[in-house]
Amino acid sequence: ELIMGIAESRTLEQVDFSHNSFNKEEEQALVCIVLESNGVKELKCSQCLLSEEVVVSMFGSLQGNKVLERVDVSSQGRLYTERASIEIAECVSKNKTLQLLLLKGNAFNSAECIFKSLPNSSLQEFSISEQSAGCLFEALKANSVLCNIEVEAHAFSARALEVLAEALARNSSLRSLKLIGKFERDGSICLSEGLKKNKGIEHIELCNSAIRREEGASFISFVKENKTLETLQASDDAIEISDSDIDKLIEFLRCNKSLKLVTLGKESLSVLAASELKKANFWLRIEFI
């Protein structure tokens, strides 16, 4: 009754069922929210252990929904088959109001069809955990709406990062990019080349990337040519810079006129290199975490 009441409400805009478990009747009532919602714009169902059946029904209903803008079904802790992927892909392609979709923390047998649907979608933010991230990056080449992407993988292959670089060189709608996972050798150099040509990105966050000392400065060299980036954030082990490259790093940062904040891990540089970086006169803020 509570869930049905929410579906019929014309004033309630946000519903959060996260960290709850539902029986079959309650799961179907969730689908009713999607089908009959008159005012709900944000639906959160993270860590609810939703069955594949309800995921299929929910995203099937979402195809025709004209109100919902943000849906979070992350961290369900289940393996979803191709059937669920196809239904999500159809929703992403056909729904015209959905702006944010969080699928992070789920396992899909085949997520490629979801990625292929992105060029036709209205999504502005997309988050997923997926090993075949290259499919998502391939879809990004033709997408002109997506503003924010977050992808988590155990490792990003050099080929996946090369495809992302190609997409970034063409794409001008993306504003925020967050990558969680290790970069294979030479992958960071490919990504840097794409970022040099990108004309829209404002925020980059890298976590656990493990860009080695011999590649660190070469990766950051993109800031010398990029004219839109405002913040670059890297966790402790994301980017390493060798002492011999600190002068190059300072030169790259001085050439950039758009950067406002650079955050590096305390382990990224030696004490001596960090001291040299702090002494340099920048108009941007540099922080160590």
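**Exercise 1. Which residue in β2 is the bridge partner of valine 15?**

Solution. Keep in mind from the start that the structure shown above is a predicted model. Begin with the two strands concerned: β1 and strand β2, which covers residues 42-44, pair in the parallel sense, and they do so over three bridges. Then look for the partner of valine 15, which turns out to be leucine 43 in β2.

**Exercise 2. Work out the strand order of the open sheet of 11 strands, and find its edge strands.**

Solution. Following the pairing across the sheet, which is parallel, gives the order β1-β2-β3-β5-β7-β8-β9-β10-β11-β12-β13. The edge strands are those that pair on one side only, namely β1 (14-16) and β13 (285-288). As a last step, compare the directions of neighbouring strands in this sheet, which are turned against each other by 10° on average when direction is ignored.

**Exercise 3. Determine which strands helix α6 lies across, and at what angle it runs to β8.**

Solution. Locate helix α6 at residues 133-140, and then find the strands that it lies across, which are β7 (125-129), β8 (148-156) and β9 (176-183). The angle between helix α6 and β8 comes to about 150°.

**Exercise 4. Decide whether serine 192 is buried or exposed, and describe its surroundings.**

Solution. Serine 192 is found in helix α8, which spans residues 187-197. Its relative accessible area is 1%, and because buried means under 20%, serine 192 is buried. Next, leaving aside residues up to four places away in sequence, list what serine 192 touches: Ser218, Phe219, Ser221 and Phe222. For phenylalanine 219 a further detail can be given, since the side chain of serine 192 reaches the backbone oxygen of that residue at 2.8 Å.

**Exercise 5. Classify aspartate 247 and glutamate 25 as buried or exposed, and give for each one a distance to another residue.**

Solution. Take aspartate 247 to begin with, which is found in helix α10 (residues 246-255). Its relative accessible area is 56%, and because the cut-off for exposed is over 50%, aspartate 247 is exposed. The C-alpha atoms of aspartate 247 and valine 223 are separated by 14 Å, while the two residues are 24 residues apart along the chain.

Turn now to glutamate 25, whose place is in helix α2 (residues 24-36). With a relative accessibility of 68%, glutamate 25 also counts as exposed. Between glutamate 25 and asparagine 256 there are 57 Å in space, C-alpha to C-alpha, and the two are 231 residues apart in sequence.

Methods
Residues numbered from 1 in each chain as written. Predicted model: local features only at pLDDT ≥ 70, side-chain atom pairs only at ≥ 80, totals over all residues. Heavy atoms only, no water. Pairing = 2+ DSSP bridges. Helix = DSSP H or I, 4+ residues; strand = E, 2+ residues; numbered from the N terminus. Axes fitted to C-alpha atoms, helices over the stretch in contact; angles between N-to-C directions. Contact = heavy atoms within 4.5 Å. Buried < 20%, exposed > 50% of the residue type's maximum accessible area, 1.4 Å probe, protein only. Polar contact = N/O pair within 3.5 Å; in protein donor to acceptor, adjacent residues only side chain to side chain.
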